[in-house]
Structures are given as C-alpha cells and as structure tokens.
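Visitor: Please give me a close look at one part of this model. Which residues line the largest cavity?

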There are 2 protein chains.
Amino acid sequence: MTISAAAQSRLDDFRARCADAGLAATHQRLIIYRTLVESTDHPSPELVYDRVRTEIPSISQATVYKNIRTFLEIGLLQEVNRLHQTNRLDANLDQHHHLICVRCEKVTDLYDDQLDGARAHDESPGGFQVLNYQVEAYGVCPDCQSTKAASSAQ
Amino acid sequence: MTISAAAQSRLDDFRARCADAGLAATHQRLIIYRTLVESTDHPSPELVYDRVRTEIPSISQATVYKNIRTFLEIGLLQEVNRLHQTNRLDANLDQHHHLICVRCEKVTDLYDDQLDGARAHDESPGGFQVLNYQVEAYGVCPDCQSTKAASSAQ
DNA sequence: ATAAATGCAAAGGATTTGCCGTCAA
DNA sequence: TTGACGGCAAATCCTTTGCATTTAT
C-alpha cells in the first residue's frame, strides 16, 4: 500500500468539500489541491506553482497563491509554520517552548520540564540526527478568550 | 527579582560576545540587542525598529535588519520559526510532527505516539486554552550528514 | 590608520490586489 | 444566466544590498 490510498481518499472528498465551502470545483483548483496532497515534502508556494505548471503550463502564479490561501482558510491545508507572515525574534536562548495564539498570533514562552523531556520513540527518526526538540502549543490566549470575534487582540 | 536579573547578565556579556565574534560594540548594536533582550513578546523586526527608534530616533531600518541578521548568525538570537523565509505547506491534516533539517531546511513528517502525548504539566499554561501540541525536531537530515560543508543539499 | 558599521536609497523577492474576460453550477 | 474564478499586471510588504560617510579599535 502506497501513499495513494490516503491521498486518493482525500481527493475523493475534494468535490464534496468544495461544495460544502461553496467553492467551484475548477480544473485549476483540483490540480493545485492534488499537487499539494501528492507533495509530501512541504513545498513552498513557488514550488507548488512549478509543479502545477507541468500539468497546466498556462496557469498563473496568482491563481496558485489565491487557492493556497483559500485552502488555508477553509482548513484543507496547513502551514508548517503558522507565524510565517512575519518573522518573530527570540533573544531567550534557554530551553523553552512556545504558546502561540491562533487568533492574535501572540507568542508566549512556555517553561515546562515535562515538555523538555519530549523525545521521539526512535532515537534517530527518519535518519535525522536530532539536535533538539521544541514544542509549539497552539491555542487561544486569555485576551482572545474574552473576545467573541475571530479577529485579533494583542 | 524582576526580569532584569537575567537580562542584565546577558547585557554584561554583550561586549565580550561582540569581541569574541569580532564585532564592534557600537551604540546602535547595543541598543538593538538590549531591546531584543527586554522584549519578551517575540517581536517582529519592524516592532524592534519601532522600539529602538524611541531611543535612537535617527537609526535606520537597514541597521536594525543587518544587526538582527548578524545576531542570528552568531547565535545570539533565534527565530521562533526557523522556516520563516519561505512558507511551507502541508496538506496532511493527520496528527503528526516535523523533522526540520537546520542545514537544508528539508521538512519531514514525523509520526510518533510518544510525541503525540506531549502535554504541559499545567493544563492551561499561561491561561491559554491549548488546542494542540506540535513538536518540531531540529536536526541534520541524512543527506546533510554525509556532507561536510555547512551549506545545503536537498 | 583601517576595517567595519551606519544611514540612505534603491533593488529584490514573495505575496496580494484590481480588473476584465471566462467558466462552473 | 450569473456569481465566482482565472489570468495578467501592477502594487504592496518585508528584507537585502550598494555605496558614501562615520565610528570603533
């Protein structure tokens, strides 16, 4: 059994999910989504564009970007790093983790020795020589909990 | 005891660390670094610029950006998200973690139920309502392990 | 003295936007 | 048919770069 089992089932749902979200199932949209599902290497938007162009040479970059954003908005797609849009700096070099508010993108240091002990079962997962583990806890910060709206606080 | 104890000790080291790295201890550099140390809110470069300007109104954005880069290069500073420069997409919505190569920035999915169980000791750390925990394992991928140079593979 | 750092302005790269023609429902 | 979508080009935002002047060592 290859990756295509899971991939196929996700594709099967694609039209249904578009319908649910009120999105038209266009050819471009389908190819972009299929490309994403088949790309297990966590590609950049630019790389997705390159790959999609092998199937639809005339597609525009804007269409790829717009659809990626749409997929993110309806939760069909994630970013490896939810803080991608702006760089966030940290002069604290001590071992620690982060609490990240999914609404306002506030980041708070999280000290927790239970998390410090996080380790993969495999000592060298995927052949990686792991240097350190860092935990990101996504959630809703106190300020945003008291706000009904889905927008920001800070 | 306030935050200033740790902050002060880091500041005390600043000139020494500059000397070690062969960097001049300029006024601008000191203020930028002090601002970073005193900013526990993981600011964006732009926000750092704003804060530094309250002390040195004439400082240029380029100086702030250059010094941030310098600090990152000598390991005096970290980014919350090491993949910030390019967005990285993930259509895999199943619970999983990531192996991130610090050399070539390759990202690999990591399935591990031991990591799935990562939880802070405090159920609601910092008052956050945590939705999910995700572990990022930073390390060196197999390809880069066989490469001596500090550059990339992929 | 001299190599490095600052400040300015321009360049660069990634992403978004506006608008018009086209397509899915 | 009609509102949504694709394609194109321009705009925007963030970050880097080149260069002349100033500064630290």
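Guide: A residue is buried at under 20% relative accessible area, exposed at over 50% and partly exposed in between, using a 1.4 Å probe and protein chains only. By that cut-off, 43% of the 154 residues of chain A are buried.

This is a predicted model: local features need pLDDT of at least 70, side-chain atom pairs need 80 or more, and totals for chains, interfaces and linings use all residues. Residues count from 1 along each chain as written, chains are lettered from A and ligands numbered from 1 in written order, and side-chain values use heavy atoms, without hydrogens or water.

Now the cavity. On a 1 Å grid over the protein atoms alone, a cavity is a set of points where a 1.4 Å probe fits but cannot get out. Points join across faces, edges and corners, and the volume is the space filled by probe spheres set on them. The structure holds one cavity of 30 Å³ or more. The largest holds about 60 Å³.

Lining residues have an atom within 4 Å of a point. Chain A supplies Q78(A), E79(A), V80(A), R82(A) and Y138(A). Chain B adds D90(B), H98(B) and Q134(B).

What is the lining's chemical mix? Two residues are nonpolar, three polar and three charged. Here Ala, Val, Leu, Ile, Met, Phe, Trp, Tyr, Cys and Pro count as nonpolar; Asp, Glu, Lys and Arg as charged; the others, Gly among them, as polar.

Definitions and conventions. 1 Å grid on protein atoms, 1.4 Å probe; cavity = no way out; pocket = protein on both sides within 12 Å on 5 of 7 lines; lining within 4 Å.
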